[in-house]
Amino acid sequence: MAAGDFYFAINATFRFILNNYGEQALIDYWRSMGEEYFAPLSERFRSGGLDEVESYWRTFFAAEPGGDVHVAQQDGCVTIDVRDCPAIRWLRANGRDIVPHYCRHCHHVSTAVASRAGLTFTLEGGGGTCKQTFCTGATA
């Protein structure tokens, strides 16, 4: 099993929740992940500030298989420029039917993580390319 095969499990989990419990349950699941499972990450971001946000995402995407992602910090924000999402790439390359709501998990999970860290989060795009931004409250 390749590391990217984890995306199969995520995609299947999202589909199961969506098909059996509906869209709001899926959104609630993502928000709970951001607020509860990722609480330690929120604390890292809160205590380490944008330097920690940048370091985390650089390390995260360096470990992901494939993709093309650029992480930069500037003017009170960390921008994650996802030019080719490793997850979407992996799912497509392996012929998987991607849950239509798949990309929305980044919005809901990261919004919850950022909020608990005293940051704001925005996401533009989807479907394999997007721009995600974590900002300090004053600059968002």
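Here are some worked exercises on this predicted model.

**Exercise 1: the sheet**

Work out the strand order of the open sheet, and find which strands stand at its edges.

*Solution.* Start with the order. The sheet has four strands, arranged β1-β2-β4-β3, and the pairing is antiparallel. Now look at the two ends of that order. β1 and β3 (119–126) each have a single partner strand, so each has one side left without a neighbour in the sheet. On average, neighbouring strands here are turned by 10° against each other, if you ignore direction.

Next, zoom in on one pair. β3 and β4 (residues 129–136) run antiparallel to each other and are joined over eight bridges. Within this pair, Gly126 sits opposite Thr129 of β4. As background, strands of a sheet pair through backbone hydrogen bonds, either parallel or antiparallel.

**Exercise 2: helices on the sheet**

Find which strands α3 touches, and which strands α5 lies across.

*Solution.* Take α3 to begin with. Helix α3 packs on the sheet and touches β1, β2, β3 and β4, with its direction making about 160° with that of β1. Then turn to α5. That helix lies across β3 and β4, and its angle to β3 is about 165°.

**Exercise 3: the nonpolar core**

Which residues touch the most other members of the largest nonpolar core, and which element gives the largest share?

*Solution.* Step one is the membership: the core has 34 residues, and those touching the most other members are Phe45, Val53, Trp57, Tyr102, Leu119 and Phe134. Step two is where the core comes from. At least two residues each are supplied by α1, α2, α3, β2, α4, α5, β3 and β4. The largest share is that of α3, with seven residues.

Step three is a look at one member. Beyond its neighbours within four places in sequence, Val53 is in contact with Phe45, Val78, Leu119 and Phe134. The general background is that in soluble globular proteins, nonpolar side chains tend to be buried together.

**Exercise 4: two serines**

Are Ser42 and Ser110 buried or exposed, and what do they touch?

*Solution.* Go one serine at a time, with under 20% relative accessible area as the cut-off for buried.

- Ser42 belongs to helix α3 (residues 39–63). Its relative accessible area is 2%, so Ser42 is buried. Outside the neighbours within four places in sequence, Ser42 contacts Gly34, Ala112, Val113, Arg116 and Ala117.
- Ser110 belongs to helix α5 (residues 104–116). Its relative accessible area is 6%, so Ser110 is buried. With neighbours within four places again set aside, Ser110 contacts Trp57, His105, Phe121, Gln132 and Phe134.

**Exercise 5: Met33, and a question of distance**

Compare separation along the chain with separation in space for Met33–Val109 and Ser42–Asp5.

*Solution.* Met33 is part of helix α2 (residues 23–37). Met33 and Val109 are 76 residues apart along the chain, yet their C-alpha atoms are separated by 6.3 Å. Now try the other pair: Ser42 and Asp5 are 37 residues apart along the chain, and their C-alpha atoms are separated by 26 Å.

Back to Met33. Not counting residues up to four places away in sequence, Met33 touches Phe38 and Val109. With a relative accessibility of 23%, Met33 counts as partly exposed.

**Exercise 6: around helix α4**

Find the buried residues of α4 and what covers them.

*Solution.* Helix α4 spans residues 86–93, and its Pro86, Ala87, Ile88 and Leu91 are buried. The cover over these buried residues includes α1 (6–21), α3, β1 (68–74) and β2 (77–84). Just past the helix, Gly95 has a positive phi of about 70°.

**Exercise 7: salt bridges**

How many salt bridges does the structure hold, and how exposed are the partners in some of them?

*Solution.* The count is six. Three of them can be taken in turn, including these:

- Arg44 and Glu52 meet through their side chains at 2.5 Å, N to O. Arg44 is partly exposed at 39%.
- Arg83 pairs with Asp81, with closest N and O atoms 3.0 Å apart. Arg83 is partly exposed at 44%, and Asp81 is partly exposed at 26%.
- Arg89 and Asp84 meet at 2.4 Å, N to O. Arg89 is partly exposed at 43%, and Asp84 is partly exposed at 21%.

Conventions:
Residues are numbered from 1 along each chain as its sequence is written. This is a predicted model: local features need pLDDT of at least 70, side-chain atom pairs count only at pLDDT 80 or more; totals for chains, interfaces and linings use all residues. Side-chain values use heavy atoms; hydrogens and water are left out. Buried means under 20% relative accessible area, exposed over 50%, partly exposed in between (1.4 Å probe, protein chains only). Contact means heavy atoms within 4.5 Å. A salt bridge is a side-chain nitrogen of Lys or Arg within 4 Å of a carboxyl oxygen of Asp or Glu. Two strands pair if DSSP finds at least two bridges between them. Axes are lines fitted to C-alpha atoms, for helices over the stretch in contact, and angles run from 0 to 180 degrees between N-to-C directions. A nonpolar core is a set of buried Ala, Val, Leu, Ile, Met, Phe, Trp, Tyr and Cys residues joined through side-chain atoms within 4.5 Å.
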